[in-house]
Amino acid sequence: MTTTESEIVEMPHLSVQWTRIRGRLQTEVGEVEYRTWLRQMSLAGQDGDEITVTLPTRFLRDWVSTRYGDRLRTLWQAENADIRRVDIRVATVSTPAVPVPESVAAPRFTPMAASRKTFADTTRDVVPPVAARVAPVVVEDKVESRSDLAAPLDPRFTFDGFVVGKPNEFAYACARRVADMPSSPGFNPLFLYGGVGLGKTHLMHAIAWELTNRTSNPVSVAYMSAEKFMYRFIAAIRSQSTMEFKENLRSVDVLMIDDLQFLIGKDNTQEEFFHTFNYLVEQGKQIVVSADKSPSDLNGLEHRLRTRLGCGMVADLHSTTYELRLSILEAKASRAEVTVPGKVLEFLAHKITSNVRELEGALNRLVAHANLFGRPVTLESTHEVLHDILKSHDRRVTIEEIQKKVAEHFSIRLTDMSSARRARAVARPRQVAMYLAKQLTSRSLPEIGRKFGNRDHTTVMHAVSRVTELMERDGTFAEDVELLRRLLES
Ligand code: ADP
Ligand code: MG
């Protein structure tokens, strides 16, 4: 247990932790939601086990503390095991203390020296003397956690709230099955994987809700992110309570670890997880794990762990289709306080194709805006309110980029994308590129055809249906295409 020390030593300075937390929040909630509500947050300082974060207005303060308070605290605790509370309050000066970078793609790390200075200034400017402090907004767990080890579950993340479509029906069915019959052969471990914002965490929480709420034979469930797992583990080592940590973990019936990719490069934590994993599986307990890649693609995870992870059921959450995006929007809009016209939902489903979180964020912003200003949602107001994200989604991948990536991937010459050659070895990659051009750009079929050596639009149409058909029949091929899509979208 010695090298874990190095993981502790690497724990960075407060403002770097803050930058990371903000970056993480941004990825989690999506660009729209982040820009609307969270961008103006500033770090004011730390006082013992409490962190103070400020916002410029009372409205923003209330909004952030009810919607993101718990998450902020969890993220802080994951970064810094000393933190117990996050106090969210209205800034006492008019300018935000730590200017938040305009760019959404905030750097993961700010240079230490620079950020330290900013932080020192901040502390002086914003935090009022202790005696003058207003009553802190104490962020309490809204949801009771079942064990010390478990993170709170999001009440919205239930099976009922999950919209099922082609891209996620398999993962959904597997999650359902595990919730109905944990530890059944073939489903242990259950490994869910897919890109950001496609519903992995949602499905894991749904399983946990189902299992902990069932009336007959309820089971104990521990759900946590891999990150939290690591910090808990490190904290246990520090306080010399690893035995207790191990015993606690090993006493659960179902262990769920979210975002396992976080353990890449954290060798000791991986080792600990591996042992816990084996112990639980031997005892017939259920494990559910999520990650951004399939077990075999998680390079950097120990080989034996990857092998064990792939032994049960592996289910992929594919990128969303237009139909799924529309169904999700319809479901969410039906619960909103204002009416959102079908045309607006269709428009959003067409435009915002990255992931469900972004989609939700856009809808939330529309609804909040309509509520705030008492105006109905229309196509026109949508353009106005979502101006910035719509613009960023327009700046999407080009056909040339697609051709280049696909050619590289299949090791063919770029010129073959527009050549007349019909050999399968070049024709298939060309069809894949046409398919991706249709999926990822807003170009019409004739426009796409022209870019592929002046081919007819019917050729493109044929390519799209051929690739779709092949993806349904051939899992490896489907994974290849999915991979390319992710590469191009990232
Ligand atoms: P991931 O963990 O894969 O990054 P999440 O599970 O956090 O993604 O999902 C992001 C957001 O999108 C959540 O608010 C979640 O409820 C929502 N979401 C994702 N997929 C669906 C779905 N099929 N139906 C309803 N909501 C969904
Ligand atoms: Mg997640």
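Here a biologist asks a modeller how the labels used for this predicted model are justified.

Biologist: Let's start with the ligand. How many residues surround ligand 1, and which are the closest?

Modeller: There are 18 residues around ligand 1. The closest are Gly197, Thr201, His202, Arg357 and Glu360.

Biologist: What makes the pair formed by His202 and ligand 1 a polar contact?

Modeller: An N or O atom in the His202 side chain sits 2.7 Å from an oxygen atom of ligand 1. The cut-off for a pair of N or O atoms is within 3.5 Å, so this pair counts as a polar contact.

Biologist: And which backbone atoms pair up with ligand 1?

Modeller: Gly197 has a backbone N or O atom 2.7 Å from an oxygen atom of ligand 1. Val163 also uses a backbone N or O atom, which lies 2.8 Å from a nitrogen atom of the ligand. Both distances are within 3.5 Å, so both pairs pass the test.

Biologist: How much of ligand 1 does the protein cover?

Modeller: On its own, ligand 1 has 560 Å² of accessible area, and the protein covers 95% of that.

Biologist: Which elements give two or more residues to that shell?

Modeller: Those are α7 (200–213), α12 (322–334) and α14 (356–373). If you think in domains instead, domain 2 (169–317) and domain 3 (322–392) each supply at least three residues.

Biologist: What is the shell like by class?

Modeller: Seven residues are nonpolar, seven are polar and four are charged.

Biologist: On to cysteines. Why is Cys174 called buried?

Modeller: Buried means under 20% relative accessible area, and Cys174 has 3%, so the label fits.

Biologist: Is Cys311 buried or exposed?

Modeller: Cys311 comes out at 54%. Exposed means over 50%, so Cys311 is exposed.

Biologist: How many disulfides are there?

Modeller: The count is zero. A disulfide is a covalent bond between the sulfur atoms of two cysteines. The rule asks for a pair of cysteine sulfur atoms within 2.5 Å, and by that rule the count stays at zero.

Biologist: Let's look at helix α10. Why is Asp267 called exposed, and Gln270 buried?

Modeller: Asp267 is in helix α10 (residues 267–282), and so is Gln270. Asp267 has 51% relative accessibility, which is over 50%, so Asp267 is exposed. Gln270 has 1%, which is under 20%, so Gln270 is buried.

Biologist: Where does Gly300 come in?

Modeller: The Gln270 side chain reaches the backbone oxygen of Gly300 at 3.4 Å, and the cut-off is within 3.5 Å, so that is a polar contact. Asp267 and Gly300 are 33 residues apart in sequence, with their C-alpha atoms 9.3 Å apart in space.

Biologist: What about Leu301?

Modeller: Leu301 is in the loop between β7 and α11. Its relative accessible area is 3%, under 20%, so Leu301 is buried. Gly265 is 36 residues away from Leu301 in sequence, and the C-alpha atoms are 7.3 Å apart.

Biologist: Why is Lys293 only called partly exposed?

Modeller: Lys293, in the loop between β7 (286–291) and α11 (303–309), has a value of 36%. That falls between 20% and 50%, so Lys293 gets the in-between label. The C-alpha atoms of Lys293 and Gly194 are separated by 6.1 Å, with their positions 99 residues apart along the chain.

Biologist: How do you know that Glu227 is buried?

Modeller: Glu227 belongs to helix α8. At 10% relative accessible area, Glu227 is under 20%, so Glu227 is buried. Gln261 is 34 residues from Glu227 in sequence and 9.3 Å away, C-alpha to C-alpha.

Biologist: Last topic: backbone angles. What makes Gln240 and Asn454 worth a mention?

Modeller: Most residues other than glycine have a negative phi. Gln240 is not a glycine, yet its phi is positive, about 50 degrees. Asn454 has a positive phi too, near 55 degrees. Gln240 lies in the loop between α8 (226–238) and α9 (242–250), while Asn454 lies in the loop between α19 (445–451) and α20 (457–473). Gln240 has 73% relative accessibility, over 50%, so Gln240 is exposed; Asn454, at 62%, is exposed by that rule as well.

Biologist: Which residues does the cis peptide bond join?

Modeller: Asn188 and Pro189, with omega about -5 degrees. Most peptide bonds are trans. Pro189 is in the loop between α6 (169–180) and β4 (190–194).

Conventions:
Residues are numbered from 1 along each chain as its sequence is written. Chains are lettered from A and ligands numbered from 1 in the order in which they are written. This is a predicted model: local features need pLDDT of at least 70, side-chain atom pairs count only at pLDDT 80 or more; totals for chains, interfaces and linings use all residues. Side-chain values use heavy atoms; hydrogens and water are left out. A residue is near a molecule or strand if one of its heavy atoms lies within 4 Å of it. A polar contact is a pair of N or O atoms within 3.5 Å; within protein, one must be able to donate a hydrogen and the other to accept it, and residues adjacent in sequence count only if both atoms are side-chain atoms. Accessible areas come from the Shrake-Rupley method with a 1.4 Å probe; for residues, only the protein chains shown count as cover. Helices (H or I, at least four residues) and strands (E, at least two) are DSSP runs, numbered from the N terminus. Ala, Val, Leu, Ile, Met, Phe, Trp, Tyr, Cys and Pro count as nonpolar, Asp, Glu, Lys and Arg as charged, and the others, Gly among them, as polar. Domain bounds come from an automatic or database domain assignment. Buried means under 20% relative accessible area, exposed over 50%, partly exposed in between (1.4 Å probe, protein chains only).
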